[in-house]
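Here's a quick tour of a protein model for you. Have the sequence and the 3D view ready, and follow along.

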Amino acid sequence: GELYAQLAQLFLNIDQFDDAIANAELALAKGELRNQGTVHLVLGMSYYNQRQFVKALDQLAKAEEFKNTRKMAEQWQQFVSGEKRTFEALQAEIASE
């Protein structure tokens, strides 16, 4: 699973979020990962960039369960929660016009 995890990170870095998600999911399915929390972070960031906020927050919560990704996951959760509120407020405002 480690190779898929590395591919997922690379795809995230070049903004190919669908490929990042697909490879991260393959990494988790295959297992034997050095740092599973990082894979959940990649998924969270990728879903965030696709404005799939609920999925992003779910993956970030999973990343928070791992010691080496806990702090970054917490920071990302705060950020994504704020962005989700802003996005929903803007959608509501547009819908009311």
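Which hand does the crossing of H3 and H4 have? The crossing of H3 and H4 is left-handed. Keep in mind that you're looking at a predicted model. Below, we'll go from the whole chain to its helix pairs, and then down to single residues.

**The whole chain**

- The protein chain has five helices and zero strands.
- Read from the N terminus on, its elements go α-α-α-α-α.
- If you lay the C-alpha trace along its principal axes, it spans about 50 × 25 × 20 Å.
- The chain has 97 residues, and 33% of them are buried.
- Take the contacts in the chain with a separation of 6 or more: 50% of those are between residues 24 or more positions apart.

**H3 with H4**

- These two helices pack at an angle of about 165°, and their axes are 8 Å apart.
- Angles over 145 degrees count as roughly antiparallel, so H3 is roughly antiparallel to H4.
- On the H3 side, the contact is made by Gly37, His40, Leu41, Leu43, Gly44, Tyr47 and Tyr48.
- On the H4 side, you'll find Phe53, Lys55, Ala56, Gln59, Leu60, Lys62 and Ala63.
- Sort the residues of this H3 and H4 contact by class, and you get eight nonpolar, four polar and two charged ones.

**H3 with H5**

- H3 covers residues 36–49 and H5 covers residues 70–96.
- This pair packs at an angle of about 15°, with the axes 11 Å apart.
- Angles under 35 degrees count as roughly parallel, so H3 and H5 are roughly parallel to each other.
- The crossing of H3 and H5 is left-handed.
- From H3, the residues that take part are Leu41, Met45 and Tyr48.
- They meet Met72, Ala73, Trp76, Phe79, Val80 and Glu83 of H5.
- By class, the contact of H3 with H5 comes to eight nonpolar residues, no polar ones and one charged one.

**The aromatic residues**

- Look for one aromatic cluster formed by Tyr48, Phe53, Trp76, Phe79 and Phe87.
- The count of aromatic pairs comes to five.
- One of them is made by tyrosine 48 and phenylalanine 53, whose rings are 6.1 Å apart from centre to centre.
- The planes of those two rings have 50° between them, and the pair is tilted.
- Tyrosine 48 and phenylalanine 53 are both buried.
- Tyr48 turns up in the H3 contact with H4, and Tyr48 also appears in the H3 contact with H5.

**Two buried residues to find**

- Histidine 40 has its place in helix H3.
- Its relative accessible area is 6%; buried means under 20%, so histidine 40 is buried.
- Setting aside neighbours within four places in sequence, histidine 40 is in contact with Leu28, Gln59, Lys62, Ala63 and Phe66.
- Alanine 56 belongs to helix H4, which runs over residues 53–64.
- With 0% relative accessibility, alanine 56 counts as buried too.
- The C-alpha atoms of alanine 56 and leucine 43 are separated by 6.9 Å, and these residues are 13 residues apart along the chain.
- With neighbours within four places in sequence left aside, alanine 56 is in contact with Gly44, Tyr47, Tyr48 and Val80.

**Two loop residues with a positive phi**

- Here's a bit of background: most residues other than glycine have a negative phi.
- Aspartate 15 goes the other way, with a positive phi near 60°.
- You'll find aspartate 15 in the loop between helix H1 (2–13) and helix H2 (17–30).
- Exposed means over 50% relative accessible area, and aspartate 15 has 54%, so aspartate 15 is exposed.
- Arginine 51 isn't a glycine either, yet its phi is positive, at about 60°.
- The place of arginine 51 is in the loop between H3 and H4.
- At 55% relative accessibility, arginine 51 counts as exposed.

Notes
Residues numbered from 1 in each chain as written. Predicted model: local features only at pLDDT ≥ 70, side-chain atom pairs only at ≥ 80, totals over all residues. Heavy atoms only, no water. Axes fitted to C-alpha atoms, helices over the stretch in contact; angles between N-to-C directions. Helix = DSSP H or I, 4+ residues; strand = E, 2+ residues; numbered from the N terminus. Parallel < 35°, antiparallel > 145°, perpendicular 65-115°, else oblique. Left-handed = near helix turned anticlockwise from the far one by under 90°. Contact = heavy atoms within 4.5 Å. Nonpolar A, V, L, I, M, F, W, Y, C, P; charged D, E, K, R; others polar. Phe/Tyr/Trp six-rings, centres within 6.5 Å; stacked < 30°, edge-to-face > 60°. Buried < 20%, exposed > 50% of the residue type's maximum accessible area, 1.4 Å probe, protein only.
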